[in-house]
Amino acid sequence: MDERFAERMRDREVIKDTRLLGDFTAIYCRGRHKDAARASLASEGAELGVYGNRPPVVCEQCAELLRYAEKRRAFCPKDPKPFCSNCDTHCYRPDMREYMRDVMRYAGPRSMLHGHAIDGIRHLIEGRKHKKERHRTEGA
Ligand code: SF4
Ligand SMILES: [Zn+2]
């Protein structure tokens, strides 16, 4: 495993964001991939204990997304990091970006029922703020 990745995965903010992505993706997977076989995520992040003793339970397609997202989050150049959906230098591959956008759209509002009230609300508020700012800039 890449030492730099392992080191980034010890950062508190990286851990928090990665867990959130895991939880959101698990909510999405349960709702959208109902018939798929699911298992605890096998990833480098999971090996490092980023998800504690409760790695997200997802299908193989969603596991692929999470393995990819772990790397993006670990090496994110933004500090402070915005929500990826509001990022002006989006680093995701277009197909993964679309996939993650779907996950967020589906799981964001539902996450409030799954112990993520604060994260769900933050997501909503930041998304709205960003839309307003973009509107103002484009209108200027
Ligand atoms: S999309 Fe932007 S905020 Fe998200 S990981 Fe990539 S650079 Fe960081
Ligand atoms: Zn899935």
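These legends accompany several close-up views of a predicted model.

**Figure 1. The whole chain, as a starting point for the close-ups.**
Welcome to the predicted model, whose chain has six helices and two strands. Read from the N terminus, the elements follow the order α-α-β-α-β-α-α-α. The chain has 140 residues, and buried ones make up 37% of them. If you take the contacts between residues at least 6 apart in sequence, 70% join residues at least 24 apart. The accessible surface amounts to about 9000 Å², with 51% of that belonging to carbon and sulfur atoms.

**Figure 2. Phe 5 and Phe 75, a tilted aromatic pair.**
Four aromatic pairs occur in the structure. In this one, the ring centres of Phe 5 and Phe 75 lie 6.2 Å apart, with 55° between the planes. The partners come from distant parts of the chain, 70 residues apart: Phe 5 sits in helix H1 (residues 3-8), while Phe 75 belongs to the loop between helix H4 (60-74) and helix H5 (94-110). Phe 5 is buried, with a relative accessible area of 0%, whereas Phe 75 is partly exposed at 28%.

**Figure 3. Tyr 28 and Tyr 106, an edge-to-face pair.**
Here the planes of Tyr 28 and Tyr 106 meet at 85° and the ring centres are 5.9 Å apart. Why is the pair edge-to-face? The angle decides it, because planes over 60 degrees apart count as edge-to-face. Once again distant parts of the chain are linked: Tyr 28 lies in helix H2 (residues 12-32) and Tyr 106 in helix H5, 78 residues apart. Both Tyr 28 and Tyr 106 are buried. Look for Tyr 99 as well, since Tyr 28, Tyr 99 and Tyr 106 form one aromatic cluster.

**Figure 4. Positive side chains over aromatic faces: Lys 71 over Phe 5 and Arg 93 over Tyr 68.**
Return to Phe 5 and you will find Lys 71 over the face of the ring, 4.9 Å from its centre. In the second example, Arg 93 lies over the face of Tyr 68, at 5.2 Å from the ring centre.

**Figure 5. Glu 70, a buried residue with no salt bridge.**
Glu 70 is found in helix H4. Which side chain of opposite charge is nearest to Glu 70? That is Lys 71, 6.1 Å away. Leaving aside neighbours within four places in sequence, the residues in contact with Glu 70 include Phe 5, Met 9, Thr 18 and Leu 41. Also among them are Ser 43, Glu 44, Gly 45, Ala 46 and Tyr 51.

Terms used: Residues numbered from 1 in each chain as written. Chains lettered and ligands numbered in written order. Predicted model: local features only at pLDDT ≥ 70, side-chain atom pairs only at ≥ 80, totals over all residues. Heavy atoms only, no water. Phe/Tyr/Trp six-rings, centres within 6.5 Å; stacked < 30°, edge-to-face > 60°. Helix = DSSP H or I, 4+ residues; strand = E, 2+ residues; numbered from the N terminus. Buried < 20%, exposed > 50% of the residue type's maximum accessible area, 1.4 Å probe, protein only. Lys NZ or Arg CZ within 6 Å of the ring centre and 35° of its normal. Lys, Arg positive; Asp, Glu negative; His and termini not counted. Salt bridge = Lys/Arg side-chain N within 4 Å of Asp/Glu carboxyl O. Contact = heavy atoms within 4.5 Å. Areas by Shrake-Rupley, 256 points an atom, 1.4 Å probe, with all protein chains shown as cover.
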